[in-house]
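Hi everyone, thanks for making time for this one. Let me put the structure up on the screen, and then we'll walk through it together.

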Amino acid sequence: MDGRTDSSWLGAPLEQLPTPALILDRATLRGNAERMRERCRALGLRLRPHVKTHKTLEGADLATGGTRRGIVVSTLAEARFFAAGGFDDILYAFPVPRWRLAECWELAQRLQEFQVLLDSPQGLELLLQNPVPGGKRWLVWLKLDCGNGRAGIRPTDPEALALARAIALGSPELVTLVGVYAHCGNTYGCRDIPAIQAIARDTTAAVLEFVAAHPVPEMSQLTEVHPGNYLFYDLQQSQLGSCRPEEVAIRVLTRVIGHYRHRGQLLLDCGWAALSLHGGQRGPEGCAAVEGHPRLRLVGLTQEHGQVEAEDGELDFERFPVGSTLALIPFHACATAAMHPVYFVHAEGRVVELWHPVRGW
């Protein structure tokens, strides 16, 4: 951090930050969090925020409205981190790996509610062979694949209902079926809101059709939503229509480090080590848009360098002196955030908070 401790940047103007730096607009973060809570209240659904994008205590605290109850994690490193930070109702949204069972078992004992996913009879047998002591039970969601093509059992498979019955009724003193879980990750391939809505409708219909045949009638309803990207949003979400451009809170701050007039390019100090390459082939803006400069295009990234050109080839170098800063709006917030050890939260042009994400698996 340029020879300084993280905390010494509190109060600093953004233009003084060491670059590349991940910066977050505090007012936008708060607005995104409140809008999602309000949407869920209006729908009568419980909001269980996914923390995989930001992986910070501060972000999860904001998303849960300060309750520190009910979050989703992608890794056991996240689960331990948030448990240590006072979160006591955590869903590990990953089919339980046999080689990580001991860690899950410890968390199931430690937390009031530690919930896991299953999508196979072998996974269920693993839990039954390793019961949680002290009168506690494994809390299980059945993972369905409703078209995303990742983890999960297809709801139309004959084995799916049998697995649901086995979880719900087989050994209720050891395992409790909490619900069924589906992820609409296939919406990322969409180009517009109607296409997204069609996938959402199909997924909802598949889940409800499945749970209508479920042996526990109370499950025949949607109860929770688990969004994750919405605190930050990104260029992809604004292109999809999931948010307005002004609701994107994340930027990567970078500096102009060189003028290369013979090729009509600015050189930046931000490469793919600080900005995800995801989106490079998706639309004219590629993996990032340059905020406030719609004619500029990020045309190349190496590990620590970025190359910027003017859309029409006429770059006004005087507008972008060496040492000046630009803000990049990343196509994919999750992958970009994973590259930064600290996030600089700002208000009125100055750093007001520093968020430190957990890392590892």
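Let's start at the N-terminal end of α1, where aspartate 25 acts as a cap. One of its side-chain oxygens sits 3.3 Å from the backbone nitrogen of alanine 27. Please keep in mind that this is a predicted model, and the values I quote are computed from it.

The helix itself, α1, covers residues 26-43, which is 18 residues. From first C-alpha to last it reaches 26 Å, close to the 26 Å expected at 1.5 Å a residue. Right after α1 comes glycine 44, with a positive phi near 70°.

Which residues of α1 are buried? They are Thr28, Leu29, Gly31, Asn32, Ala33, Met36, Arg37 and Cys40. You'll notice an arginine and an asparagine in that list. The cover over these buried residues includes the strands β1 (21-25), β2 (46-47), β8 (224-225), β15 (343-347) and β16 (350-355), along with helix α2 (57-63).

Let me zoom out for a moment. The chain has 361 residues, and 51% of them count as buried. Its secondary structure comes to 9 helices and 16 strands. If you take contacts between residues at least 6 apart in sequence, 67% of them join residues at least 24 apart.

Now to the sheet I'd like to show you. In what order do its strands run? The order is β3-β4-β5-β6-β7, so to speak from one edge to the other. These 5 strands form an open sheet, and the pairing is parallel. β3 (71-73) and β7 (175-181) stand at the edges with a single partner strand each, so one side of each has no neighbour in the sheet. On average, neighbouring strands here are turned by 30° against each other, ignoring direction.

Looking at individual pairs, β4 (residues 89-95) and β5 (residues 113-118) are joined in the parallel sense over 5 bridges. If you want a register point to check, leucine 91 stands opposite glutamine 115 in β5. Two helices pack on this sheet. Helix α4 (residues 101-110) touches β4, β5 and β6 (138-143), and its direction makes about 125° with that of β6. Helix α5 (residues 121-128) touches β5, β6 and β7, and its direction makes about 145° with that of β5.

Moving one strand along, β5 and β6 run parallel and are joined by 4 bridges. Here valine 116 stands opposite valine 140 in β6.

Strand β6 deserves a closer look. How many of its 6 residues are buried? The count is 6 of 6. In a regular strand, side chains alternate between the two faces of the sheet. In β6, Trp138, Val140 and Leu142 point one way, while Leu139, Trp141 and Lys143 point the other way, and all are buried. That includes the lysine, Lys143.

Two of those residues come back when we turn to nonpolar packing. The largest nonpolar core has 37 residues, and those with the most contacts inside it are Ile90, Phe114, Trp138, Leu142 and Ile167. Helix α6 (residues 158-170) supplies the largest share of this core, 5 residues. There is also a second, separate core of 25 residues, with Ala63, Phe232, Phe331 and Trp355 among them.

Back to the loop between β5 and α5, where we find serine 120. Is serine 120 buried or exposed? Its relative accessibility is 19%, and the cut-off for buried is under 20%, so serine 120 counts as buried. A polar atom of its side chain lies 3.0 Å from the backbone nitrogen of glycine 123.

Last, some backbone geometry for those of you who like torsions. Most residues other than glycine have a negative phi, and most peptide bonds are trans. Arginine 68, in the loop between α2 and β3, has a positive phi near 55°. At 24% relative accessibility, arginine 68 counts as partly exposed. Tyrosine 233 also has a positive phi near 55°, and is placed in the loop between β8 and α8 (235-240). With 8% relative accessibility, tyrosine 233 counts as buried.

And where is the cis peptide bond? It runs from threonine 19 to proline 20, with omega near 0°. Proline 20 belongs to the segment before β1.

That's my tour, and I'm happy to take questions.

Technical notes. Residues are numbered from 1 along each chain as its sequence is written. This is a predicted model: local features need pLDDT of at least 70, side-chain atom pairs count only at pLDDT 80 or more; totals for chains, interfaces and linings use all residues. Side-chain values use heavy atoms; hydrogens and water are left out. Two strands pair if DSSP finds at least two bridges between them. Axes are lines fitted to C-alpha atoms, for helices over the stretch in contact, and angles run from 0 to 180 degrees between N-to-C directions. Contact means heavy atoms within 4.5 Å. The expected span of a helix is 1.5 Å times one less than its number of residues. Buried means under 20% relative accessible area, exposed over 50%, partly exposed in between (1.4 Å probe, protein chains only). A polar contact is a pair of N or O atoms within 3.5 Å; within protein, one must be able to donate a hydrogen and the other to accept it, and residues adjacent in sequence count only if both atoms are side-chain atoms. A nonpolar core is a set of buried Ala, Val, Leu, Ile, Met, Phe, Trp, Tyr and Cys residues joined through side-chain atoms within 4.5 Å.
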